[in-house]
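Please look over the sequence and the structure shown below before reading on. The report that follows takes a few features in turn and describes each one with care.

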Amino acid sequence: MSVLPGSKSRKTSTIIRLALASVALVGIGAAATSAAWTAQTTLSASAKAASIELYGALAVNGTCPTAQGSPYVEADTSAGAVAITLASGEFSALVPNQQRTVAICVRNGGDLPLNVSLNPLAVSSNSIFGGSAPATIEVRTSAAAFTSTVLAANATLPLNVVVTTPTSWPTSYQGLSSGAVEIVFSGSTDVP
């Protein structure tokens, strides 16, 4: 069988055109994918750890100051807690059936809420707070005995230290003293 000279050249021409068309399509596809636009952005930030600070003070004229500084004492004065020492005159000359109150303040001077708790009161057993009929000492909110609370950042907590003597206080307590009474509060970022 013989091939006509014109049909072979038409067939070759068709193959060449198809090959060129497919090369052109591949070239257009490659150009389309490599012509994407790009952009960049940069963010910068600084980091800072939170400030944690607990302060305590005697109230001034029965009111807790809201600003930092005097009369507040910083917490780091007593093993990570704040200690408020009541002057011996605050509870001197106690008599039977008496209740005396001293206003104190605890302030969160930090950036985060603190779980503020009262450490157990340490009083001498051979004082007015010991024996068979002791006077009692308690830290109270306006309504109840204080144990702990969450104190917001830069908030102040007014509390009262209340000493109460029994109605029938034996004469053996005459002249006894307790020395300084230290009230200790701890603050923790472990908020329930």
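## The disulfide

A disulfide is a pair of cysteine sulfur atoms within 2.5 Å. The model described here is a predicted one, and by this rule the count comes to one disulfide. The two partners are Cys64 and Cys105, whose sulfur atoms are 2.2 Å apart. The torsion about the S-S bond of Cys64 and Cys105 is about -95°, and the disulfide is therefore left-handed. Because Cys64 lies in the loop between β1 (54-58) and β2 (73-74), while Cys105 belongs to strand β4 (residues 99-108), the pair ties together parts that are 41 residues apart in sequence.

Are these two cysteines buried or exposed? Residues count as buried when their relative accessible area is under 20%. Cys64 has a relative accessibility of 15%, so Cys64 counts as buried, and Cys105, with a relative accessible area of 0%, is buried as well.

## Pairing around β4 and β8

The strand that holds Cys105, β4, pairs with strand β8 (residues 156-164) in the antiparallel sense, and nine bridges join the two. Within this pairing, Cys105 has Pro158 of β8 as its bridge partner, so that one residue, Cys105, takes part both in the disulfide with Cys64 and in a bridge to β8.

Strand β8 also pairs with strand β6 (residues 136-140), again in the antiparallel sense, over five bridges. Here Glu138 stands opposite Val162 in β8.

## The open sheet of four strands

Another part of the model is an open sheet of four strands, in which the order is β3-β9-β5-β7 and the pairing is antiparallel. Because β3 (81-86) and β7 (148-151) stand at the edges, each with a single partner strand, one side of each is left without a neighbour in the sheet. On average, and with direction ignored, neighbouring strands of this sheet are turned by 25° against each other.

For the edge strand β3, the partner is strand β9 (residues 181-188), and six bridges join the two, which run antiparallel. Ala83 gives an example of a position facing this partner, since Ala83 stands opposite Val184 in β9.

## Ser127 in its loop

Which residues does Ser127 contact, leaving aside its neighbours within four places in sequence? Ser127 has its place in the loop between β5 (114-118) and β6, and at 2% relative accessibility Ser127 counts as buried. With those sequence neighbours left aside, Ser127 is in contact with Tyr173, Leu176, Ser177 and Ser178.

Technical notes: Residues are numbered from 1 along each chain as its sequence is written. This is a predicted model: local features need pLDDT of at least 70, side-chain atom pairs count only at pLDDT 80 or more; totals for chains, interfaces and linings use all residues. Side-chain values use heavy atoms; hydrogens and water are left out. Buried means under 20% relative accessible area, exposed over 50%, partly exposed in between (1.4 Å probe, protein chains only). Two strands pair if DSSP finds at least two bridges between them. Axes are lines fitted to C-alpha atoms, for helices over the stretch in contact, and angles run from 0 to 180 degrees between N-to-C directions. Contact means heavy atoms within 4.5 Å.
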